Amino acid sequence: MPSQNRTSTPPLSSVRFAGLAIAAIALAAALSACAPSALSTARSQMAAANYPAARQELVALSSRTDLNESQRREVKDDLCLCDFKIGRPTYSLAEQRGVCLEASKEPGSQSNSILAQIDEAQRNKDAQEVDVALNAHDLADAERAATDYQRLPGGDPAMLARWSKQIWTLADDQVFADPAARKHSLAGAISEARKNHPNVAKMNKSQFTRWVVETSTVSGTPLASSVHMTDTTLSIAITDANIPTAALSLDKLAALNDGMAARCGCDARTNVAVAETGFPAYFIRLDPETKMSEVMILPRGNSGIVAARSN
């Protein structure tokens, strides 16, 4: 018999598998198409200046895991714009900045210009708060706002230097608000300091600087990042990261001023600044009544000036 061409029929299981694969691809395509659709809805709300509604759509979109890189960047940029447009008091400048800073990290982000506007607004707000606090002799608020200003990019170094000088002057005035406290003779306190630190008077400047660094070292970490001195005043800076350690080591800071008093045979003073800002953290003075150095803990946050003495 002559041969006949036959067409083979695929097994039923193969047909079912192919059908499932096609359905899965179709579902994935449909889900992927939802993202541009939802983003388009959010953009329509933004065009109508309905930023809260747009933000709601964008927040829902941002939690999805199927967005491609471009879509994720657009969602973050649009969230930045929405928060900026909604603004305070719903979203503080710090909250706006956090969202826009996160958006700006995406490749090709358009949020940097908004971030710059937020930073400018925050700098202006901080500057106003510093001036108000200084006029009110509110040391804690002045230093808080000035520190916030310093941490933002684009600050004015000359303005920071002026604030630093004003804050130091205000702190000094507040520490010695009662001049009667200094009327007692300091001879006993200086004599006690020299008895406890007999060797420092013989040290030259370089040796005494090394002594300051060694004396203020805690668990192998030097607290003093810089040391400067005049005939009667010792000035050291401590990094912000080491301020908590310094707060637990006030006896070491007091010992520095005892050593300075022993070296100069005078009413020595030690000023401790935060290295990053130059703003005051501690004043250390001899107390004529106790014959010990007294650490004046300057206000940070809502705290007031607190005195602590060496052991």
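How many disulfides does the count come to? In this predicted model, the count comes to 2 disulfides. A disulfide is a covalent bond between the sulfur atoms of two cysteines.

One disulfide joins Cys 80 to Cys 100, with an S to S distance of 2.1 Å. This pair links distant parts of the chain: Cys 80 sits in helix α3, residues 69–86, and Cys 100 in helix α4, residues 93–104, 20 residues apart. The torsion about their S-S bond is about 95°, so this disulfide is right-handed. Cys 80 has 0% relative accessibility and therefore counts as buried. Cys 100 is buried too, with a relative accessible area of 0%.

The other disulfide is formed by Cys 264 and Cys 266, whose sulfur atoms are 1.9 Å apart. This link is left-handed, with -85° about the S-S bond. To place these two cysteines, recall that buried means under 20% relative accessible area. Cys 266, at 15% relative accessibility, therefore counts as buried, while Cys 264, at 25%, counts as partly exposed. If the bonded cysteines are numbered in sequence order, the pairing is 1-2, 3-4. Cys 82 is in no disulfide; the nearest cysteine sulfur belongs to Cys 80 and is 9.3 Å away. Cys 82 is buried, with a relative accessible area of 0%.

Next come the nonpolar residues. In soluble globular proteins, nonpolar side chains tend to be buried together. Here the largest nonpolar core has 34 residues, and those touching the most other members are Val 212, Leu 234, Ile 236, Ile 238, Leu 253 and Tyr 282. Several helices and strands each supply at least two residues of this core, among them α9 (205–215), β4 (233–238), β5 (269–274) and β6 (280–287). Helix α11 gives the most, with 7 residues. Beyond its neighbours within four places in sequence, Val 212 is in contact with Val 227, Leu 234, Ile 236 and Leu 256. Another core, of 20 residues, lies apart from this one and includes Ala 127, Leu 134, Ala 142 and Trp 163.

Strand β5 has two pairing partners to follow. β5 pairs with β4 in the parallel sense over 6 bridges, and Ala 237 stands opposite Ala 273 in β5. With β6, β5 pairs in the antiparallel sense over 5 bridges; here Asn 271 has Phe 283 in β6 as its bridge partner. The hairpin of β5 and β6 has 5 residues between the strands, and Gly 278 there takes a positive phi near 80°. Of the 6 residues of β5, 5 are buried, so this strand is largely enclosed by the rest of the structure.

Notes
Residues numbered from 1 in each chain as written. Predicted model: local features only at pLDDT ≥ 70, side-chain atom pairs only at ≥ 80, totals over all residues. Heavy atoms only, no water. Core = buried A, V, L, I, M, F, W, Y, C linked by side-chain atoms within 4.5 Å. Buried < 20%, exposed > 50% of the residue type's maximum accessible area, 1.4 Å probe, protein only. Helix = DSSP H or I, 4+ residues; strand = E, 2+ residues; numbered from the N terminus. Contact = heavy atoms within 4.5 Å. Pairing = 2+ DSSP bridges. Disulfide = S-S within 2.5 Å.
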